[in-house]
Amino acid sequence: MNLQQLRIVRETVRQRFNLTEASNALFTSQSGASKHIRDLEDELGVELFERRGKRILGLTTAGGTLLETIERILLDAENLKRSAHQLANRDQGRLAIATTHTQARYALPPVIARFKERFPKVHLELHQCSPGEIVSLLKAGTVDIGIATEAVNEDGASFVRFPFHHWHHSIVVPDDHPLTRVAPLTLEAVADYPIVTYHEGFTGRARIDQAFEKAALAPNVVLTALDADVIKTYVELGLGIGIIASLAYHPDRDRGLTLLSGESLFPRNTAYLALRRGHFLHAFAYEFLRLCSAALDEETVQQALAAR
C-alpha cells in the first residue's frame, strides 16, 4: 500500500468517478491509475468501486466506508509535511484564505495589512469565491481558513467556526432620493421601489428575503449581483435602490449616495472564520486568526478543533 494509491482513489471520487480526469489531475496515465486502484483492492481484499466494464460507476459499500479512512491518512501525511516545514521555516510559508467579495474588499484589508507587516515572508493567497466554493476548498484542504456569512456553519462535523464580526444590511440611495426624507424608515416604504441587491446565497441575502416575507411584502428585485460595488453602480444609474452590507459603504468613496440604516429592518448577520478539523495550521495562521479576533489565541483554537 502506498500514498499514491490512496491519492488516486480520493481524486477519482472528487472527479465524480471520471478516471481520465483523476489521472490528469495527478499527472499520471489512466492505465497506471487503474492498476494502482486494482493493486490496492487486491491488497485490501475488497472492491472499492462499482464498475461496468472498464467504466467506474461509483463507490461500493466497502469503498464508501473506507473513503473516510483514506481521507484521514492523506490529511495526516500532508500535515506531517507541513509540520516539518514549519519547524524549518517558522515565519515563512503559505497561508491560503477563501472568502467572499464583501469580506475581501471591506473587512479584511486592515487585518491583512497588519499580518503582512508582521510576516513579510509569508505568501498570502486570497481566494475570492462563493460560500459554497469556500466549503469545497476547505474540505479539499486547498485553503487554511474560510471566511463567510453563509454555508460555513452547515457542517459541524467537518468544520469549527468562530465569529469574525457582526454586520447589518442597509439601504443605499442617491442623495436626493425620497427615502432620505422618510423617518422612521420602514420595509413598506422600501418595498415601494425597485431593488438591486445580492444574488441568492451571497452576503446574507436569505436574511433580506426573510425580513420581507415576515412583513408579508413582495419586493420588486430588478437586478442581483455578487458584490456591493456593482449594486452601487446600478443605483447610481437609477435602476433602483440598493440593499447592501453596511460595511460596503464609505461616504468619501461613495459620493452622491446616501446610506440609510437598516438595523431596525433586517436581522443582524455574523461573518465566521471556519477551519477544517484535522487540517494543520502554521503558527502564523494562528496569528492571523488572533488579528481577526483578539479572543482567538492558539490554545482556544486548538481546543475547539479537538472537541467533537
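Which strands does helix 10 lie across? Keep that in mind while I set the scene. This is a predicted model.

Start with the sheet. It is open and has 5 strands, in the order 9-8-10-7-11. The pairing is mixed. Now look at the edges. Strand 9 and strand 11, residues 257–260, stand there. Each has a single partner strand, so one side of each is left without a neighbour in the sheet. On average, neighbouring strands are turned by 30 degrees against each other, direction ignored.

Next, the helices on this sheet. Helix 9 packs on it. That helix touches strand 7 (169–174), strand 8, strand 9 and strand 10 (241–245). Its direction makes about 135 degrees with that of strand 8.

Back to my opening question. Helix 10, residues 228–236, lies across strand 7, strand 8, strand 9, strand 10 and strand 11. Against strand 10, helix 10 runs at about 160 degrees.

Zoom in on one pair of strands. Strand 8 covers residues 195–198, and strand 9 covers 221–225. How do they pair, and over how many bridges? The sense is parallel, over 4 bridges. Val 196 has Leu 223 as its bridge partner in strand 9. Tyr 198 stands opposite Ala 225 of strand 9. Helix 9, residues 205–214, joins the two strands in a β-α-β unit. That unit is right-handed.

Now the nonpolar cores. The largest has 45 residues. Which of them touch the most other members? Leu 95, Phe 115, Ile 145, Leu 275 and Phe 288 do. Helix 11, residues 283–292, gives the most to this core, with 7 residues.

Take Phe 288 by itself. Leave aside its neighbours within four places in sequence. Phe 288 is then in contact with Leu 95, Ile 97, Leu 108, Val 111, Ile 112, Phe 115, Ile 145 and Ile 147. As background, nonpolar side chains in soluble globular proteins tend to be buried together.

There is also a second, separate core, of 17 residues. Its members include Leu 179, Ala 189, Ile 195 and Leu 265.

Last stop, Ala 113. Ala 113 sits in helix 6, residues 109–118. Why does Ala 113 count as partly exposed? Its relative accessibility is 49%, and partly exposed means between 20% and 50%. Now find Lys 54. Ala 113 and Lys 54 are 59 residues apart along the chain. Their C-alpha atoms are separated by 53 Å.

Definitions and conventions. Residues numbered from 1 in each chain as written. Predicted model: local features only at pLDDT ≥ 70, side-chain atom pairs only at ≥ 80, totals over all residues. Heavy atoms only, no water. Pairing = 2+ DSSP bridges. Right-handed = clockwise from strand over helix to strand, strands pointing away. Axes fitted to C-alpha atoms, helices over the stretch in contact; angles between N-to-C directions. Contact = heavy atoms within 4.5 Å. Buried < 20%, exposed > 50% of the residue type's maximum accessible area, 1.4 Å probe, protein only. Core = buried A, V, L, I, M, F, W, Y, C linked by side-chain atoms within 4.5 Å.
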